[in-house]
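New to this one? Here's a quick briefing to read alongside the structure.

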Amino acid sequence: MATISITAPFDEKTARSLRAGDRVLLSGTVYTARDAAHRRICEALDRGEAPPFDLTDAVIYYVGPAPARPGAVIGSAGPTTSYRMDAYAPRLMEHGLRGMIGKGPRSDAVAEAMARYGAVYFAATGGAGALLARCVTASEPVAWPDLGSEAVRRLTVKDLPLTVALDTEGRDLYRLGPAAYLASL
Amino acid sequence: MREIDARAVTEAVGRLSIEACCVLPEDVRRAISAAAAAETWPGAREILGDIGENIALSARACVPLCQDTGLTTVFLELGQDAHITGGGLYDAVQEGVRRGYTEGYLRKSVVRDPISRVNTGDNTPATVYTDIVPGDALRVTVCPKGAGSENMSRLGMLTPAMGLEGVKAFVLDTVRGAGGNPCPPTVVGVGLGGSFDSAPLLAKKALLRSLDAPHPDPFYAALEDELLTALNRSGIGPQGFGGRTTALRVLINAAPTHIAMLPVAVCISCHAARHASAVL
């Protein structure tokens, strides 16, 4: 399987070119947000206010990093389980969100929104937080420091190893992968 | 009566919190290595390789294996001939968690109230369970558990008529239904019997057993093997992307129950099956 290098933010055409199962090395800028931050972003949109970062072509990493040791950029920083963000993700895609990084299957509503707006869902290896943290070269706070590890941060990443888990045509590696393995037996 | 200083309890809980989050127990590491060697699906082998590399890096750099350093459960086995001096036992435990999570750069993941959800800032309060046992020692086990796998855990109040087949189906359905969410390969703790409140605790305590030792009761040893074999035929695989290695081990903890009940609790642990113990 070829590995594709991508830089975030990226456009709709790039998102639509990716296929479930593709290996991606992601560099560039991603924003951290999980349950509480998603809720606040949607509340801001409800009030007609701008979210704390531009959602256009943005990539969100579902992560609440551990605190950085002195001299380190960030602490352990692996993905959290994505389905908890399913309630909010379509709304964010409507406002330009282009990519999501997490782990675990997504809902049909998320898959439909991804097809409609041209967004892609990547998985990072859950529980490999120490390894993934090495790909983070910079981290700065953006919003809501009261949320602690759930605050929104802007991360600069270099060659973050990801797998396309769900693509813009509804192909889902959480279904296709196990089916292919069982068919091989 | 032997005296144990509360400050020693605080020190031990702090140290064990850091150790548990950064250094995976040897039996779990061995199980992951063995699973990687037995795995035939290329993508699955690669993920198990990454997990192995992460384990080595965490221990070397004293960085948490996973950013979710969990809700902390502390199991105490207090000898009935021991006496805690210089402060309250539970205060000492909470202070240990506070220090360990602060000094060890571990994530603070506890909110004070489930609805208003304000972070307590120091990962307290930990959940503490105490068993009074013979002797004059205090055994402390710190078990940090992340939400990804805890959220996939289930309790079933089965009827006696559902029997062994019902139990098997509930365990398999729970783990299959969890799919890639709890970071497979998982360790599956099963609490069988007891009551609505005790079955989940039996299941969580089962996760503390060594992965190397078979169940002392041959019936349950065989059932553990049967369930593991069935899970590893599900195809879910590491991270849910397909492969043989869906679970590393099934551990059953059975207890007496009511004539009209058959509780079964399934406590799923991710591959970072973390715990650390010390005896004071």
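Let's start with two helices of chain B: α1(B) and α4(B) cross in a right-handed way. Their axes come within 7 Å, and the crossing angle is roughly 35 degrees. Keep in mind as you look around that this is a predicted model.

**The α1–α4 crossing**

- Helix α1 of chain B covers residues 6-22, while helix α4 of chain B covers residues 89-103.
- On the α1(B) side, the residues making the contact include A6(B), V9(B), V13(B), G14(B) and I18(B).
- On the α4(B) side, they include L89(B), A92(B), V93(B), G96(B), V97(B) and Y101(B).
- Sort the residues of this contact by character and you get 10 nonpolar, 5 polar and 5 charged.

**The sheet that α1 lies across**

- Helix α1(B) also lies across β2, β5 and β10 of chain B, running at about 40 degrees to β5(B).
- Those strands belong to an open sheet of 4 strands in chain B, in the order β4-β2-β5-β10, with mixed pairing.
- At the edges stand β4 (127-133) and β10 of chain B; each has a single partner strand, so one side of each is left without a neighbour in the sheet.
- On average, neighbouring strands here are turned by 15 degrees against each other, direction ignored.
- Strand β5 of chain B (residues 138-145) is mostly covered, with 7 of its 8 residues buried.
- Strand β2 of chain B (residues 71-79) runs antiparallel to β5(B), and 8 bridges join the two. Across that pairing, L71(B) stands opposite K145(B).
- β5(B) also pairs with strand β10 of chain B (residues 276-279), again in the antiparallel sense, over 4 bridges. Here R139(B) has V279(B) as its bridge partner.
- β2(B) and β4(B) pair in the parallel sense, over 7 bridges. In this pairing, look for F75(B) opposite Y129(B).

**Another sheet in chain B, with α6 across it**

- Another open sheet of 4 strands in chain B has the order β6-β9-β7-β8, and its pairing is mixed too.
- Its edge strands are β6 (154-158) and β8 (247-257) of chain B, each of which pairs on one side only.
- From one strand to the next, the twist averages 15 degrees.
- Strands β7 (residues 186-194) and β9 (residues 262-269) of chain B pair in the antiparallel sense over 6 bridges. To find your way along this pair, spot V190(B) opposite V266(B) in β9(B).
- Helix α6 of chain B (residues 163-178) lies across β6, β7, β8 and β9 of chain B, at about 30 degrees to β9(B).

**Where chain B touches chain A**

- How many residues of chain B are in contact with chain A? There are 40, and they touch 34 residues of chain A.
- Helix α3 of chain B (residues 42-61) supplies the largest share of chain B's side, with 9 residues.
- That side of chain B divides into 16 nonpolar, 18 polar and 6 charged residues.

**How confident is the predictor?**

- Chain B averages a pLDDT of 97, and 100% of the residues score at least 70.
- For the complex, the predictor gives an ipTM of 0.94 and a pTM of 0.96.
- As a general reading tip, predicted coordinates should not be read in detail where pLDDT is low.

Technical notes:
Residues numbered from 1 in each chain as written. Chains lettered and ligands numbered in written order. Predicted model: local features only at pLDDT ≥ 70, side-chain atom pairs only at ≥ 80, totals over all residues. Axes fitted to C-alpha atoms, helices over the stretch in contact; angles between N-to-C directions. Left-handed = near helix turned anticlockwise from the far one by under 90°. Contact = placed C-beta atoms within 7 Å. Nonpolar A, V, L, I, M, F, W, Y, C, P; charged D, E, K, R; others polar. pLDDT = per-residue confidence, 0-100. Pairing = 2+ DSSP bridges. Buried ≥ 20, exposed ≤ 12 C-beta atoms within 10 Å, placed from the backbone.
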